[in-house]
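Student: Please take me on a close tour of a single part of this model, and then show me how the rest is arranged around it.

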Amino acid sequence: MAAAKKPVLYYFDLGSKGRGEVVRLFLHELGIEYEDKRNPYDATWGELSKKYEAEGVTITRKLPSLDIDGHVLSQHVPILRYLARSVGAYDGTTNYEKWLVDAVSDTYIDWRALWVTNLSENKPEYKTTTVPLYYGIWDKFYSQHPGPYLLGNTVTYADFAIFQALDNDEVLGWGPASLPETLKALKAAISERPNVKGYIAARSA
């Protein structure tokens, strides 16, 4: 029997930043070996995106995309959901828990759009307005359970997304002077998970 094809993740070489990095992090969490196809994020991307579209690597001419199980998946949060559901975990068990995980993931998507915009604009309002708004929202969600994760002691894919948000803001110096206790506990808990601890420590900013 032929060996199963190793999944291939297509993204940019942005260190620990960006949409694709949380997919890398989650693949490590799940113990899934994959080929990490890192592309330069520069003037060559326009032509490369057309090539990838023609090859079926991306429908949207955007990354990340994940070639896995005979499918090419796009959109980073749906990729996280696919991976979670593939292993039957990380997604909540009741309808309410699944709603909660999806709701927090949606707030992360909203935050990510503003974060990307600020990469080019670098406005002080991001740190003074956007960060307090979203960190306050996440604090309210995470305060519903004793933690350290959104569902208490049960980790979900949304926890990895919020961890990535906190990390990206910290790397760029956009985070608050101190995190709410709920988010501080989440960040510490994800950082210490056995399958990702070494990867997080070794990855470049």
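Tutor: Let's start at one rung of the sheet: L9 has D36 of β2 as its bridge partner. This is a predicted model, in which local features need pLDDT of at least 70 and side-chain atom pairs count only at pLDDT 80 or more, while totals for chains, interfaces and linings use all residues. Residues are numbered from 1 along each chain as its sequence is written, and side-chain values use heavy atoms, with hydrogens and water left out.

β1 (residues 8-12) and β2 run parallel and are joined by five bridges. Strands here are DSSP runs of E, at least two residues, and helices are runs of H or I, at least four, numbered from the N terminus; strands pair if DSSP finds at least two bridges between them. Reading across the open sheet, the four strands come in the order β2-β1-β3-β4, and the pairing is mixed. Each of the edge strands, β2 (35-39) and β4 (71-74), has a single partner strand, so one side of each is left without a neighbour in the sheet. From one strand to the next, the twist averages 20°, with angles taken from 0 to 180 degrees between the N-to-C directions of axes fitted to C-alpha atoms, for helices over the stretch in contact.

At the other end of that strand order, β3 and β4 are antiparallel and share four bridges, with S65 standing opposite S74 in β4. Their hairpin has two residues between the strands. In this loop between β3 and β4 sits D69, a residue other than glycine whose phi is nonetheless positive, near 55°. The loop that comes between α2 (45-55) and β3 contains P64, and the peptide bond joining L63 and P64 is cis, with omega about 15°. Helix α3 (residues 76-87) lies across β3 (65-68) and β4, and its direction is at about 130° to that of β4.

Now let's step back. An automatic or database assignment splits the protein into domain 1 (8-88) and domain 2 (95-197). The centres of domain 1 and domain 2, taken over C-alpha atoms, are separated by 21 Å. Across the boundary, 18 residues of domain 1 touch 20 residues of domain 2, where contact means heavy atoms within 4.5 Å.

Further along the chain, α7 (residues 181-191) packs with two other helices. Its axis and that of α6 (residues 157-171) come within 10 Å and cross at roughly 100°, which makes α6 roughly perpendicular to α7 (65 to 115 degrees; under 35 is roughly parallel, over 145 roughly antiparallel, and the rest oblique). On the α6 side the contact uses D159, F160, I162, F163, L166 and E170, and on the α7 side L183, L186, K187, I190 and S191.

With α5 (residues 124-142), the packing angle of α7 is about 80° and the axes are 8 Å apart, so α5 too is roughly perpendicular to α7. Here Y135, W138, D139 and Y142 of α5 meet T182, L183 and L186 of α7. L183 and L186 thus appear in the α6 contact and again in the α5 contact.

One more cis peptide bond deserves a look: G147 and P148 are joined by it, with omega about 10°, and P148 is in the loop between α5 and α6.
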